[in-house]
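Me: I would like to go through this structure residue by residue. Could we begin once it is on the screen?

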Amino acid sequence: MGSKNKLRRFRENETFENVIQPSREELEKDQFSLKGNWNKDFFKNDHPIVLELGCGKGEYTIGLSKQDSGKNFIGIDIKGARFWRGAKTAIEDNLENVAFLRTQIELIDRVFAENEVDEIWITFPDPQIKYKRTKHRLTNTEFLQKYKHILKPEGVVNLKTDSEFMHGYTLGLLHGEGHEIIYAHHDIYKNEYSPKAVREIQTFYEKQYLDRGKPITYIQFRIK
């Protein structure tokens, strides 16, 4: 994407009511006003809150919101030029249960209060295969504890990925730390019992993976 397009999208994001862009300083000082108040002050309802971490273009956030108007969906990514597409689509389609948040995932516990979130989706994250990149994997122990803090006691996390490494790493970690694995499969399109949201929503890159015959894996779990 050219720099002019990026700048245009950044400027347009600033005009979108469904885009929130707190400063890192604001979050580090724990001064973000929506923390603990997302339903009351932003969505103005008491519906469950569902997050998509590393949402990219927001395809899953948009897809989930169309499947369930009774929930609030927030796509989170540091790259605003990417989620611009999702934010614009939400406005064009009058999806009032959708928001996009520009921030780093490691600050997730500065954005949401304890027990404020009902569900988390992690869709096609960078598997960070090199050992020295372990701390950046979105399902490592440190991230799981951040998720546990903001999730309600019965809240769940969904991981959908084309990476066999990420799938195996996460399963091993979940087993080793005693978390509850609700569902796991190494090829969801070969399992007729795969959840509807997993099979019926496909991202641009997922379709490319499928065209190449690459299996898509899925895990749903609860952090203990």
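Reply: The turns below take up annotated sites first and then a few individual residues. The model is predicted: local features need pLDDT of at least 70, side-chain atom pairs count only at pLDDT 80 or more, and totals for chains, interfaces and linings use all residues. Residues are numbered from 1 along each chain as its sequence is written, and side-chain values use heavy atoms, with hydrogens and water left out.

Me: Which residues does UniProt list for "binding site" alongside E52?

Reply: The unreviewed UniProt entry gives E52, D77 and D126 under that feature. UniProt positions are in the numbering used here, feature names are shortened, and annotations may be inferred rather than shown by experiment.

Me: How are they arranged in sequence and in space?

Reply: They span 75 residues of sequence, yet no two of their C-alpha atoms are more than 14.2 Å apart, so they gather at one spot. The lining of the largest pocket includes E52, D77 and D126. On a 1 Å grid over the protein atoms alone, a pocket is an open set of points where a 1.4 Å probe fits, with protein on both sides within 12 Å along at least five of seven lines; lining residues have an atom within 4 Å of a point.

Me: Is E52 buried or exposed?

Reply: E52 is buried, because its relative accessible area is 2%; buried means under 20%, exposed over 50%, and partly exposed in between, with a 1.4 Å probe and protein chains only. E52 belongs to strand β2, residues 49-53. Helices (H or I, at least four residues) and strands (E, at least two) are DSSP runs numbered from the N terminus.

Me: What does E52 touch?

Reply: Leaving aside neighbours within four places in sequence, E52 is in contact with G58, Y60, T61, I74, G75, I76, W121 and T123. Contact means heavy atoms within 4.5 Å.

Me: And where is D77?

Reply: D77 sits in strand β3 and is buried, with a relative accessible area of 9%. Not counting residues up to four places away in sequence, D77 touches G54, C55, G56, F83, L101, R102 and T103.

Me: What about N72, in that strand?

Reply: N72 is in strand β3, which covers residues 72-77, and counts as buried because its relative accessibility is 0%. A polar atom of the N72 side chain lies 3.5 Å from the backbone oxygen of H47. Beyond four places in sequence, the contacts of N72 include N39, F43, N45 and N97.

Me: Which other positions carry the "binding site" feature, K130 among them?

Reply: UniProt, again in an unreviewed entry, places it at K130, D162, T203, F204, Y205 and E206. These residues are spread over 77 residues of sequence and also in space, up to 25.5 Å between C-alpha atoms. Of these residues, T203, F204 and Y205 are included in the lining of the largest pocket.

Me: Are K130 and T203 buried or exposed?

Reply: K130 is exposed, with a relative accessible area of 58%, and lies in the loop between β5 and α7. T203 counts as buried at 8% and is found in the loop between α9 (196-200) and α10 (204-211). Apart from neighbours within four places in sequence, T203 is in contact with E59, Y60 and F124.

Me: What is the phi of F124?

Reply: Phi of F124 is near 50 degrees, a positive value in a residue other than glycine. F124 is buried, with a relative accessible area of 16%, and lies in the loop between β5 and α7.

Me: Changing topic, where is R137?

Reply: R137 lies in the loop between β5 (117-123) and α7 (141-150).

Me: What is the nearest side chain of opposite charge to R137?

Reply: That is D126, 8.0 Å away, and R137 is buried yet has no salt bridge. Lys and Arg count as positive and Asp and Glu as negative, while His and the chain ends are not counted. A salt bridge is a side-chain nitrogen of Lys or Arg within 4 Å of a carboxyl oxygen of Asp or Glu.

Me: Which backbone oxygens lie by polar atoms of the R137 side chain?

Reply: The backbone oxygen of Q128 is 2.9 Å from a polar atom of that side chain, and the backbone oxygen of I129 is 3.1 Å from one.

Notes. Polar contact = N/O pair within 3.5 Å; in protein donor to acceptor, adjacent residues only side chain to side chain.
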